[in-house]
Amino acid sequence: MALSDIRIVLVNTSHSGNIGSVARAMKTMGLSKLYLVDPACEVDSHASALAAGATDVLGASQTVATLQEAIADCSLVIGTSARSRTLSWPMVEPRECADKLVAEAVNGPVALVFGRENSGLTNEELQLCNYHVCIPANPEYSSLNLAMAVMTLSYEIRMSHLATQDKVIEEDDVRYPTQQQMDLFFEHLEKTLNETGFIIKQHPGIVMTRLRRLFTRARPEDQELNILRGILTSIDRSMNDKKVD
């Protein structure tokens, strides 16, 4: 079932009651996988009280230290963003966000990431996501608390999931790399570009940020990523041969 592979990820949540309310919103919409990244509070009795009948979601939640850990095995990651950033990232509307998550979850884990109650996700965290989603609330009063935001997007996910029930879902032969595989590629790319002198170590600028945005937007498939890694390896080998000569 696709919904079981859609995880809700909360980053550095400050209030235990919000975690409980999120669990309740999730279960109401049929979601069960909750990941807590470096929470600033304990999942305590207050969280259980606000979870109401969703204490099973709380009990099964996983706590990890970093966002990278929470999404390492995910092939699609969408981060919530309430404001525009200096370096724009591919944006999707809530309905499109839900459609992408439901479609991709047929093949394995995907994640929808929510940031801190007062400041959201950092630019670095948003750069780990394939897409950003913004809830188009009233611009004159766009105050959504964490549980409201989770409920709104979880509702869209449920509607998208229900819409697929009457259709025959054919598994696509296309497979996408996990976030961990993409991180290894970016590390390899940066190392090679440093070795070739393309990136000046004393003045790195934002080259890697822009390249990360480029490849994140392009979403290379597994085979395409293997080709890119092969190209980097051939460059590395050629440079090592020149050093020997």
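In this predicted model, the sulfur of cysteine 134 lies 11 Å from the closest cysteine sulfur, which belongs to cysteine 97, and that is too far for a bond. A disulfide is a covalent bond between the sulfur atoms of two cysteines, and here the cut-off for calling one is a sulfur pair within 2.5 Å. The structure accordingly holds 0 disulfides. Cysteine 97 is likewise in no disulfide, its nearest cysteine sulfur being that of cysteine 129, 10 Å away. The surroundings of these residues can be described as well: cysteine 97 counts as buried, because its relative accessibility is 1%, whereas cysteine 134, at 27% relative accessibility, counts as partly exposed.

Attention turns next to helix packing, beginning with the helix that spans residues 94–105, α5. The axes of α5 and of α7 (residues 146–164) come within 8 Å and cross at roughly 55°, which means that α5 is oblique to α7. The crossing of this pair is right-handed. On the α5 side, the contact is formed by Pro94, Arg95, Ala98, Asp99, Leu101 and Val102; α7 contributes Leu153, Glu156, Ile157, Ser160, His161 and Thr164. By residue class, the contact of α5 with α7 comprises 6 nonpolar, 3 polar and 3 charged residues.

A further helix pair is formed by α8 (residues 179–196) and α9 (residues 207–218), whose axes are 11 Å apart and which pack at an angle of about 140°. The angle falls short of the roughly antiparallel class, which begins over 145 degrees, so α8 is described as oblique to α9. Here, too, the crossing is right-handed. From α8, the residues making the contact are Gln179, Met182, Asp183, Phe185, Phe186, Leu189, Glu190 and Leu193, and they meet Met208, Leu211, Arg212, Phe215 and Thr216 of α9. The residues of this contact divide into 8 nonpolar, 2 polar and 3 charged.

Arginine 219 is found in the loop between α9 and α10, the latter covering residues 222–244. Despite carrying a charged side chain by the classification used here, arginine 219 is buried, because its relative accessible area is 15%, and residues under 20% are counted as such. Leaving aside residues up to four places away in sequence, arginine 219 touches Ser75, Leu76, Glu104, Asn130, Tyr131, Tyr176 and Glu224. One link across the chain can also be expressed as a distance: the C-alpha atoms of arginine 219 and proline 177 are separated by 8.7 Å, although the two residues stand 42 residues apart along the chain.

Methods:
Residues numbered from 1 in each chain as written. Predicted model: local features only at pLDDT ≥ 70, side-chain atom pairs only at ≥ 80, totals over all residues. Heavy atoms only, no water. Axes fitted to C-alpha atoms, helices over the stretch in contact; angles between N-to-C directions. Helix = DSSP H or I, 4+ residues; strand = E, 2+ residues; numbered from the N terminus. Parallel < 35°, antiparallel > 145°, perpendicular 65-115°, else oblique. Left-handed = near helix turned anticlockwise from the far one by under 90°. Contact = heavy atoms within 4.5 Å. Buried < 20%, exposed > 50% of the residue type's maximum accessible area, 1.4 Å probe, protein only.
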